Amino acid sequence: MTQDLLFEIGIEEIPSSYIAPALKDLAAQARRLFEEHRIAFTGVRTFGTPRRLTLHVERLDQNQGDLVREVVGPPRATAFDQEGHPTKAALGFARAQGVPVEQLQVKTLDRGEYVVAAIVEQGARLDEILPVVLPRLITSLSFPKSMRWGQGTFRFVRPIRWLVALYSGRVIPFEIDGVKSGNKTYGHRFLSRSQIRVRSFQDYIEKLEERYVIVNQHRRRELVTRLAKEAAATVGGKPVFDDELVEMVASLVEYPTAVCGGFEQEYLSLPREVIMTPMRKHQRYFPVTDDAGKLLPYFVTISNMKAKDMDLIRAGNERVLRARLKDAAFFFKEDRRVQLCERVPQLKGITFQERLGTMLEKVGRLTELTACLAEQVAPHLAHDACRAAQLCKADLVTTMVKEFPSLQGVMGREYAQLSGEPAVVAQAIEEHYLPRFAGDRLPESLVGALVGIADRLDTICGCFGIGLIPTGSEDPYALRRHAQGIIQILLNAGIDLPLSQPIRKSLDLLSDRVTLPRERVAQEVMEFLSARLQAILIERGVPGDLVEAALSVDAERVPDAGKRAEALAAFRREADFTELAVTFKRVIKILPKGFSKSVDPRRFVSSAERALHSEATTLRTETEHLIQAGDYARALQLIAAIRPIVDMFFEEVLVMAEDRDLQENRLAILKEVADLFCGIANFSKITAS
């Protein structure tokens, strides 16, 4: 029997979204507690279903690791005489610590040489330690919400109904909230209700599968995918998967069974999203399409039951979906009775934020801000951009979006098209919400990008202006996500606009709402956006010091800052980058802050001065147009050629000469060299690699 630990917490059904984080936490807390108690092991795995959280720890040692503790005794001079023999002080110290005097060691401490006794405390057997560790493991787990039950005070995600705790096949006895640990688990709630006695982890897995429980969540996900494909193939289609839905469905069941159902062909006349949203968001069904991606009047549902007559399960799911689609068809028909533009005044009845006004007021601000952005970026699109901004929130008052909030933007696009709005306007109404989450797609149209930036910037400036700034993990208005969206849109669309301009414009539009000093708010918003840009560039693989070097020059033009950071990252891979960085940091370090003197060639007294001035002048001419064009990689390569000349200058010239005029002229030459990089990066921020 291997020295493995099987630990199962049997509970009432927990929300599917809790399972993955709980298993991650269970593994982390187990590692922490085992290391804290000096318990050696080779691996930790976690498994879970809606009714159980399971821990499997492989190859544990039978005993705790020994604890070696050092006790400091008398000074060496007191513990040993001149011949090195132990004195009464050493003998007494050794006797007090229970170690032979020969095992005393001499160590050099901060205060000198002292005698040290190494005391070994033998580790306890795991049979004695685990009854203490396992209850602590349960109480260390955290969940978004927890509860009490019965008359007790113990809190957990759901009531604990049984506990399995086996080490090397033996029960680890303990009790928590009246539930005693043992070696008995339970199978599927409906398909196998009797107790199951288990002897090991492998026995546990096999017996539960015989009782209709697939404990391994990874295997359940694979089963969900395979079974859904097989079920859809029976009607000549294939299921539409997304990772989030597959994960959720696999976390809802212990024994997946696929059922393919259908609905009336007439509902296919509804917009694609209107059909798919009730299926996926409300019923957790997989829509079915043909090979070309066209929706078919079928769906696949994953049941947690294996009934004799699966047609009953199919009919029940069809009945539920039919009611959903019937409602959606009614909402769609009713919403179409009113033009989208006619709904805009109704936004007055929706509060955007208590101190920032209604959604109608927000639409007015973001329309003006969009106009400002469009005039600077793409004047020919200003009319369409303003129209999209005016209509982008109108679908919030439609019946469809009230019933299915996730369709906001999507229904705005549909209703705009049906109202005769230009295609670019309809597209932008949907796209201004993008990206909705990390990894989501970005706006494809420039109009959608401009409206999306204006919408997010109004929210950020408004919240910062009234003091609603994210702190720690608290970000109730999702301002970090909005800021990340702005940066991603700017990078993707290549909108090279100084951010301070739209920030100031947004704060001007919010003037009657903002309660804090506008200049301070503008600076804080700019720093907030810069922090998001820094994080995104680091996520893309640009080292942090290079990002800081690029952003310290200019963080306002986001695409330009990204180009400079990425050019620096590529340039760092050059063989002589480190030497170049050291040279230019030396140049920057020697220059007084704010130095602005000009070079006077008449004061040159050496060829090194003439050579460096000449090369700096030539490079400034050669790189100026490259920097303006954003070709930073080529500019850096050209500038790098000046390093040997700078090194020669430092070798042959005393920069800080006693003659004040001569000193300032030599500093002015170095200022010319430093200015070559001023439009690319601040080399003082770059660390040696």
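**Nonpolar cores and the strands around β15**

In this predicted model, the largest nonpolar core holds 141 residues, of which Met 400, Ile 460, Ile 503, Leu 529, Leu 612 and Ile 642 touch the most other members. Helix α15, spanning residues 446–465, supplies the largest share of this core, with eleven residues. A second core, separate from the one just described, comprises 41 residues and includes Ala 22, Val 57, Ile 176 and Val 179. In soluble globular proteins, nonpolar side chains tend to be buried together.

The surroundings of Ile 503 can be followed residue by residue. Once neighbours within four places in sequence are set aside, Ile 503 is in contact with Leu 457 and Cys 461, and also with Ala 522, Val 525, Met 526 and Leu 529. Of these partners, Leu 529 is itself listed with Ile 503 among the residues that touch the most other core members.

Attention now turns to strand β15, residues 286–289. In a regular strand the side chains alternate between the two faces of the sheet. Here both faces are covered: Phe 286 and Val 288 are buried on one side, and Pro 287 and Thr 289 are buried on the other.

Strand β15 has pairing partners in β13 and β16. With β13 (residues 238–239), the pairing is antiparallel and runs over two bridges; Pro 239 stands opposite Val 288 of β15. With β16 (residues 295–303), the pairing is likewise antiparallel, over three bridges, and Leu 295 in β16 is the bridge partner of Thr 289. Five residues lie between the strands in the hairpin of β15 and β16, where Gly 293 takes a positive phi near 90°.

Methods
Residues are numbered from 1 along each chain as its sequence is written. This is a predicted model: local features need pLDDT of at least 70, side-chain atom pairs count only at pLDDT 80 or more; totals for chains, interfaces and linings use all residues. Side-chain values use heavy atoms; hydrogens and water are left out. Buried means under 20% relative accessible area, exposed over 50%, partly exposed in between (1.4 Å probe, protein chains only). Helices (H or I, at least four residues) and strands (E, at least two) are DSSP runs, numbered from the N terminus. Two strands pair if DSSP finds at least two bridges between them. A nonpolar core is a set of buried Ala, Val, Leu, Ile, Met, Phe, Trp, Tyr and Cys residues joined through side-chain atoms within 4.5 Å. Contact means heavy atoms within 4.5 Å.
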